[in-house]
Amino acid sequence: MSFFTRFLTRQKNFPTATLITRHLSSATTRTTTSKLHERYTFTPPPSLSRESQSNDIPTKPNKKKPKPRYRPPSSLDRTGHKPVRSDLPFDFRFSYTESSAKVRPIGLREPKYSPFGPGRVDRAWTGVCAPAVDPKVELLEGKEEPKMEHQRKKRRAWVQGDPLSTAEKKALILQGERGKTKRQINLGRDGLTHNMLDVIHKHWKYSEVVRIKCMGVPTVDMKNVCTQLEDKTYGKVISRHGGTVILYRGRNYNPKHRPVIPLMLWKPHEPVYPRLIKTTIEGLSIEETKEMRKRGLAIPALTKLAKNGYYSYLVPMVRDAFLASELVRIDCTGLERSDYKKIGCKLRDLVPCILVTFDKEQIVVWRGKDYKPPEDGYFVKNREWFDDYDDHLDAGVG
């Protein structure tokens with residue numbers, strides 16, 4: 001009998017069921033008689049045991065409750081909230097240094113939506129400002145009630161109290177220097193904004209002085225920046241070195257009784273103002289105007305303005321240049337168009353001069369036919385003091 005026939009007969013005698021049972025029984029005996037169990041007495045944790053796995057009912061993982069959706073503070077549903085009332089005696093504007101109350105806009109770029117949010121302030125928004133006395137559009141003329149200015153001066157005089165001595169000024173100036181404190185407020189292209197007033201009062205809560213670094217367009221007229229800081233915050237500028245201003249809060253200042261300053265939730269669109277440069281310059285024909293603009297772009301530049309630089313030297317430079325030339329060109333390459341337009345508008349009012357063109361990122365100004373240099377002059381010191389000169393000498397800082 002061959003080997004193949006013997007194998008077939010054995011398979012018939014032993015059915016497959018018996019083979020499977022033997023295989024399973026051998027596997028169980030191997031697991032029970034494992035050397036690991038004898039040597040280390042290993043017992044599986046309940047999570048891995050077969051009994052626990054069979055008894056446990058599979059459950060879904062615990063899901064966290066979804067967070068409520070963010071709702072901005074300017075939502076229309078203000079149930080139970082009263083509008084904020086502020087007794088500050090001035091009109092609320094987005095910028096107090098870059099917006100003039102004397103110039104009336106010729107139109108608005110958006111409806112009169114209040115940047116404070118609907119129903120959050122008890123003042124109506126006229127599209128330019130939130131007037132303190134009367135919410136009528138007639139206040140856009142810039143006719144401020146004389147009582148408001150008197151209230152500001154009276155309130156500021158009470159907050160400041162007795163004048164500072166020489167030693168106190170010197171100590172406060174040293175306290176506000178960069179090496180002594182890191183507290184600093186940056187005043188940029190928008191100038192002194194409304195929300196910056198709240199930031200200044202927050203700094204005054206922890207320190208008597210605050211350091212403000214001014215950059216960009218507002219530095220053309222630093223006198224206006226210092227005036228607006230004192231007028232709107234009731235503080236006092238005790239020192240200015242370049243674009244760095246140190247603002248003192250006053251002797252009688254109490255952080256617990258600080259004024260209520262509602263915050264603007266977004267920046268309003270600037271209204272439409274009359275064009276700065278017209279088709280023809282007043283007193284000249286069309287051909288003369290074209291020739292002057294072509295000649296102004298060809299002359300050498302007086303200076304080149306750096307981005308976010310310090311421009312307080314610009315007005316005296318233009319006045320000195322007008323003594324030798326009737327046209328002056330200022331290179332503004334790299335600056336935003338809105339920035340050098342604001343610079344040109346400030347030069348027109350401070351020098352004074354006539355704007356010729358803004359083409360090719362340049363400012364070209366003309367002194368006019370009957371130009372006379374101002375008698376008082378315009379000398380800007382690098383470091384200014386705001387008290388008596390004798391006290392400055394005693395302070396030993398110059």
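Is Cys353 buried or exposed, and what is its relative accessible area? Cys353 is buried, with a relative accessible area of 9%. Buried means under 20% relative accessible area, exposed means over 50%, and partly exposed lies in between (1.4 Å probe, protein chains only).

This is a predicted model, in which local features need pLDDT of at least 70, side-chain atom pairs count only at pLDDT 80 or more, and totals for chains, interfaces and linings use all residues. Residues are numbered from 1 along each chain as its sequence is written, and side-chain values use heavy atoms, with hydrogens and water left out.

## The chain as a whole

The protein chain holds twelve helices and nine strands. Helices (H or I, at least four residues) and strands (E, at least two) are DSSP runs, numbered from the N terminus. Of the 398 residues in the protein chain, 35% are buried. Contact means heavy atoms within 4.5 Å. Take the contacts between residues at least 6 apart in sequence: 74% of them join residues at least 24 apart.

Cysteines come next. Cys129 is buried, at a relative accessible area of 1%. A search of the whole structure for disulfides (pairs of cysteine sulfur atoms within 2.5 Å) finds zero.

## Two helix pairs

Axes are lines fitted to C-alpha atoms, for helices over the stretch in contact, and angles run from 0 to 180 degrees between N-to-C directions. Angles under 35 degrees count as roughly parallel, over 145 as roughly antiparallel, 65 to 115 as roughly perpendicular and the rest as oblique.

Helix α10 (residues 314–321) packs on helix α11 (residues 337–350) at an angle of about 60°, and their axes are 10 Å apart. That makes α10 oblique to α11. The crossing of α10 past α11 is right-handed. A crossing is right-handed if the near helix is turned clockwise from the far one by less than a right angle, and left-handed if anticlockwise. On the α10 side, Leu314, Val315, Val318 and Arg319 make the contact; on the α11 side, Ile343, Leu347 and Leu350 do. By class, this contact has six nonpolar, no polar and one charged residues. Here Ala, Val, Leu, Ile, Met, Phe, Trp, Tyr, Cys and Pro count as nonpolar, Asp, Glu, Lys and Arg as charged, and the others, Gly among them, as polar.

Helix α7 (residues 194–204) and helix α8 (residues 222–233) cross at roughly 70°, and their axes come within 11 Å. α7 is therefore roughly perpendicular to α8. Leu197, Ile200, His201 and Trp204 of α7 meet Leu229, Lys232 and Thr233 of α8. The residues of this contact divide into four nonpolar, two polar and one charged.

## Backbone exceptions

Most residues other than glycine have a negative phi, and most peptide bonds are trans. Asn308 has a positive phi of about 55° although it is not a glycine. Asn308 lies in the loop between β5 (303–304) and α10, and at 42% relative accessibility Asn308 is partly exposed. Glu361 also has a positive phi, near 60°. Glu361 sits in the loop between β7 and β8 (362–366) and is partly exposed at 31% relative accessibility.

A cis peptide bond joins Val351 and Pro352, with omega about -10°. Pro352 is in the loop between α11 and β7 (354–357).

## Buried loop residues

Three loop residues are brought together here with their C-alpha separations from a partner.

| Residue | Partner | Separation along the chain | C-alpha separation |
|---|---|---|---|
| Asp91 | Arg123 | 32 residues | 9.5 Å |
| Gly216 | Asn308 | 92 residues | 4.1 Å |
| Pro271 | Glu110 | 161 residues | 8.3 Å |

Asp91 is in the loop between α4 (50–55) and α5 (146–160). Asp91 is buried, at a relative accessible area of 17%. Not counting residues up to four places away in sequence, Asp91 touches Tyr96, Arg123, Cys129, Ala130, Pro131, Ala132 and Met148.

Gly216 belongs to the loop between β2 (209–214) and α8. Gly216 is buried at 5% relative accessibility. Beyond its neighbours within four places in sequence, Gly216 is in contact with Asn308, Gly309 and Tyr311.

Pro271 is in the loop between β4 (244–248) and α9 (286–298). Pro271 counts as buried at 10% relative accessibility. Leaving aside neighbours within four places in sequence, the contacts of Pro271 are Pro105, Gly107, Leu108, Arg109 and Val128.
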